[in-house]
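The exercises below invite a reader new to this structure to work through it step by step. Each one sets a task and then gives a solution.

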Amino acid sequence: MARYVCVHGHFYQPPRENPWLEAVEAQESAAPWHDWNERITSECYRRNAASRILDDEKNIRKICNNYSRMSFNMGPTLLSWMKTMAPLCYAGILAADAAGRERFSGHGPALAQVYSHMIMPLALRRDKETQVKWGIEDFKSRFGRAPEGMWLAETAVDTETLEVLAENGVLFTLLAPRQAGEVRRLPSGDWQDVRGERIDTSRAWRCDLPSGKNISLFFYDGVLSQAIAFGGMLNDGGYYARRLIDAQPFPAPGDTLSHVATDGESYGHHHDHGDMALAYCLDSIDGGHEARLTVYGEFLENHPPEYAVRIVENSSWSCVHGVERWRGDCGCSNGTPGCNQKWRAPLREALDWLRDKLALLFEHEAGRYLKDPWAARDDYIRVILDRSRKNVEGWFDAHRAHLLTMEEKVRTLKLMEVQRSAMLMYTSCGWFFDEISGLESTQILRYAARAISLIHELTGLDYNLEFSRLLARAPSNVPELRNGSRIYDLLVKPAHVSFERLAAHYGMVALFPDFPGEEITKGCWSITGKTATTSGLDAESSRAFVAGEVKIVSEVTWEEKEFIFAANYRGGTSVVCGVASATEENRGKLLGNVDALRSSFMLSEDEKLVRGFGHNFFSLRHILVDVRRMLLDRLLQRDVVDIENGLRDIVQDYVTLIEYLTALDVEAPPIICSAASIVLTSDIVRGLEENIPDLDAIRRHIEHSRQWNISVDSNRISFTLSRRLLQQMRDVHRSPTNTAEMDRICDTLTLFLDDFRWHLSLYEAQNLYHVTQKRHLDELKNSPRSVRAAFRKLGKRLKFSEEALL
């Protein structure tokens with residue numbers, strides 16, 4: 001009989017976008033990456049799409065797409081972000097499913113996931129249905145096929161959830177072994193209790209449902225899965241393979257399945273090089289004769305269930321108390337000292353209250369425009385996936401109760417966005433961690449705030465007061481923040497982006513005409529403007545002024561507004577912008593005498609400005625977060641350069657002293673060491689940012705740091721160097737016969753890797769080299785010997801083995 005092995009990875013990130021922008025803003029805790037999606041993509045998702053298998057000398061023997069040989073699910077909200085922000089990784093994941101279908105008898109390795117990772121047993125029936133339908137349609141739009149299986153958030157399950165899966169054509173799902181209650185042999189054996197993780201995980205099981213339908217269940221090996229996630233099994237890919245193969249007895253009375261399930265982030269993010277352990281494991285099993293790799297759909301087709309199972313209701317894989325982790329202070333936590341989770345129950349109660357209020361209003365308001373508001377919500381995933389006007393009009397045609405005016409369409413889309421936010425505000429991560437002020441909890445509160453804001457626009461009703469009152473019952477573990485209400489005020493409400501704020505953003509950025517300030521709004525907002533007057537618009541000016549009009553259109557709700565703006569840059573970080581509706585009266589009053597308006601700004605004539613703009617004034621802090629960071633860097637750059645030059649002069653004055661102290665083996669005073677560190681780091685970074693770096697100068701700076709025992713910012717230098725190498729490899733990818741660029745890369749690597757033993761990630765550069773060799777193989781083979789030699793030399797420098805080179 002045969003042994004089969006299946007490794008499942010649950011790859012997931014919660015939605016992190018600002019709900020008003022549909023864009024992820026900078027997250028400081030993820031630095032030096034822009035945000036956590038970007039960081040974990042770099043550490044895990046991208047690595048598993050191109051994982052290394054090394055030879056005995058630690059050179060790359062093979063690059064593998066792990067996703068093509070394992071079972072995996074990738075969260076819809078993560079894939080949505082990845083499609084735009086990490087397109088090569090996204091393409092690799094889709095290609096892996098296609099390759100997997102070839103490998104596994106037509107069964108793809110990818111599974112769908114409930115859309116926004118909602119804890120299903122705690123959801124209303126109609127919300128469960130929307131989560132499943134949205135998850136299926138999202139999957140189909142990306143992978144080009146219907147999913148066979150679906151991952152449940154935290155594997156949290158109840159019978160009603162399984163009914164919804166079965167009704168929507170899902171064949172199977174995965175659960176933890178402790179979620180099995182009773183089993184019996186089909187068709188009519190006696191039920192036996194298997195609670196306490198005593199179920200046989202080597203087979204598929206059938207769960208018969210009250211409706212008469214059934215669904216297949218797989219219970220993963222809990223012991224092995226724990227060892228992968230927490231027991232060090234990813235330290236050795238060969239050991240990992242051995243444990244999987246030996247997990248089931250052999251010979252056995254029938255074919256057996258050894259399978260594990262963990263967070264996919266174990267393979268690279270939680271465990272550095274975990275992707276490589278997985279690649280080696282899968283490659284070893286695939287190339288051996290003791291077991292065969294499979295995926296759940298293939299195994300289920302060839303080995304239909306012979307036994308029935310009853311689940312443990314309201315259970316999950318990450319809470320031993322069932323699903324209490326997402327509604328109470330059950331004791332399950334991440335172990336932060338001094339923290340409790342008494343905030344969890346009040347947070348859920350506040351959101352449940354809001355959900356029910358939103359549902360009543362949705363039924364009443366949407367019922368005026370739609371034949372069946374809840375059916376329209378189930379189908380709204382079509383709009384989320386494609387917001388083109390033609391596609392949205394098609395959705396309206398399918399669901400409208402009568403011909404709709406543009407105003408009615410705007411109101412309808414706002415109502416649907418209320419419900420979308422109501423889905424996203426139940427993302428499970430909002431309760432998973434230890435503190436309500438964390439990124440994940442404040443994120444779900446942002447979706448609640450978005451829904452409240454839209455309802456206020458639609459009806460005039462303001463739920464903020466009661467919602468804040470309910471949140472006040474959720475205590476924070478941070479004394480200064482006190483409770484959820486204060487967190488809502490301090491960390492959630494400031495994320496709100498109004499039409500007026502966007503107009504002011506446009507006006508203030510217009511003060512700097514070569515500055516890319518509109519990028520963050522693409523895909524969510526359309527902003528077009530025209531300036532009526534400008535003055536002093538240059539990098540050195542401290543009295544710059546601009547005025548004009550701007551039209552803002554929401555690509556999500558189709559709402560549009562026009563504004564008049566006037567902005568003044570007063571030097572340093574002082575920027576102010578007034579905004580007013582673009583009425584004929586305001587056009588005449590504000591733009592009819594631009595010189596007077598400019599004068600009022602220049603002279604800070606507040607009374608005149610208030611008469612023109614009311615109190616609609618905005619400052620630098622109202623510019624969108626990412627643009628504000630870039631703009632501050634620009635505004636402060638001159639000061640930073642002046643400070644660095646001053647420090648450089650100081651260090652130069654003390655060079656003789658530093659060298660004398662070094663000769664005596666005496667450390668220089670800390671203040672001089674700090675100055676020298678800043679200067680040397682800056683010089684190295686700036687050298688690397690030159691079009692053609694002066695490697696001799698960079699060498700001298702590094703030698704000085706070593707000789708003087710001065711620590712430089714190695715993380716900043718490595719980050720800059722990695723970006724530099726990636727850009728150079730892109731140039732080689734575009735022109736694979738560019739031997740001059742290849743030589744420059746080799747010289748840079750020799751300097752940092754050989755001469756100074758610098759710790760450097762070559763991952764992205766290696767990937768591009770690998771892609772370039774595959775894509776341009778014929779061109780390279782037919783190139784002159786000197787080109788082939790240069791390309792091979794570069795490959796060796798990037799640590800490819802001989803057998804991996806052309």
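**Exercise 1. Decide whether Arg 125 is buried, partly exposed or exposed, and describe the salt bridge that Arg 125 forms with Glu 167.**

Solution. The model is a predicted one, and the first step is to look at accessibility. Arg 125 has a relative accessibility of 30%, so Arg 125 counts as partly exposed, because the partly exposed class lies between 20% and 50%. Glu 167, with a relative accessible area of 41%, is partly exposed as well.

The second step is the distance: the side chains of Glu 167 and Arg 125 meet in a salt bridge at 2.8 Å, taken from N to O. The third step is to place the two partners, and here Glu 167 belongs to helix α5 (residues 159-167) while Arg 125 belongs to helix α4, so the pair ties together parts that are 42 residues apart in sequence.

The last step widens the view, since salt bridges that share partners join Arg 125 and Glu 167 with Lys 128, Glu 129, Asp 158 and Glu 160 in one network. A search of the whole structure finds 58 salt bridges.

**Exercise 2. Work out where the partners Asp 97 and Arg 101 lie, and state whether each is buried or partly exposed.**

Solution. Begin with the bridge itself, in which the closest N and O atoms of Asp 97 and Arg 101 are 2.7 Å apart. Both residues lie in helix α3, and their separation of 4 residues is about one turn of the helix. Turning to accessibility, Asp 97 has a relative accessible area of 0% and is buried, whereas Arg 101, at 27%, is partly exposed.

A further bridge can be treated in the same manner: the side chains of Asp 356 and Arg 355 meet at 3.0 Å, N to O. Asp 356 counts as partly exposed at 37% relative accessibility, while Arg 355 is buried, with a relative accessible area of 11%.

**Exercise 3. Find which residues touch the most other members of the largest nonpolar core, and trace the contacts of Tyr 240.**

Solution. The largest nonpolar core holds 178 residues, and Met 82, Tyr 240 and Phe 467 touch the most other members. Helix α16 (residues 439-459) supplies the largest share of this core, namely 10 residues.

For the next step, set aside the neighbours of Tyr 240 within four places in sequence; the contacts that remain include Val 7, Ile 228, Val 260, Tyr 267 and Cys 281. There is also a second, separate core of 54 residues, with Ala 675, Ile 717, Cys 746 and Phe 800 among its members.

**Exercise 4. Explain why Cys 524 has no bond to its closest cysteine, and say how many disulfides the structure holds.**

Solution. The count for the structure is 0 disulfides. Cys 281 is in no disulfide, and the nearest cysteine sulfur, that of Cys 6, is 11 Å away. For Cys 524, the closest cysteine sulfur is in Cys 577 at 20 Å, which is too far for a bond, because a disulfide needs the two sulfur atoms within 2.5 Å. As for accessibility, Cys 281 is buried at 0%, and Cys 524 is buried at 2%.

**Exercise 5. Classify the ring pair formed by Phe 601 and Phe 613, and say which helices the two residues lie in.**

Solution. By the rule for ring pairs, the count comes to 31 aromatic pairs. In the pair in question, the ring centres are 6.2 Å apart and the planes stand at 65 degrees, so the pair is edge-to-face. Phe 601 lies in helix α21 (residues 594-602) and Phe 613 in helix α22 (residues 606-613), so the pair ties together parts that are 12 residues apart in sequence. Phe 601 is buried at 0% relative accessible area, and Phe 613 counts as buried at 3%.

**Exercise 6. Locate Ser 105 and His 117, and state whether each is buried or partly exposed.**

Solution. Ser 105, although not a glycine, has a positive phi of about 60 degrees, and its place is the loop between α3 (87-103) and β5 (110-113). His 117 also has a positive phi, near 60 degrees, and lies in the loop between β5 and α4 (125-143). Their accessibilities are then compared with the classes: Ser 105 counts as partly exposed at 48%, and His 117 counts as buried at 0%.

Terms used: Residues numbered from 1 in each chain as written. Predicted model: local features only at pLDDT ≥ 70, side-chain atom pairs only at ≥ 80, totals over all residues. Heavy atoms only, no water. Core = buried A, V, L, I, M, F, W, Y, C linked by side-chain atoms within 4.5 Å. Buried < 20%, exposed > 50% of the residue type's maximum accessible area, 1.4 Å probe, protein only. Contact = heavy atoms within 4.5 Å. Phe/Tyr/Trp six-rings, centres within 6.5 Å; stacked < 30°, edge-to-face > 60°. Salt bridge = Lys/Arg side-chain N within 4 Å of Asp/Glu carboxyl O.
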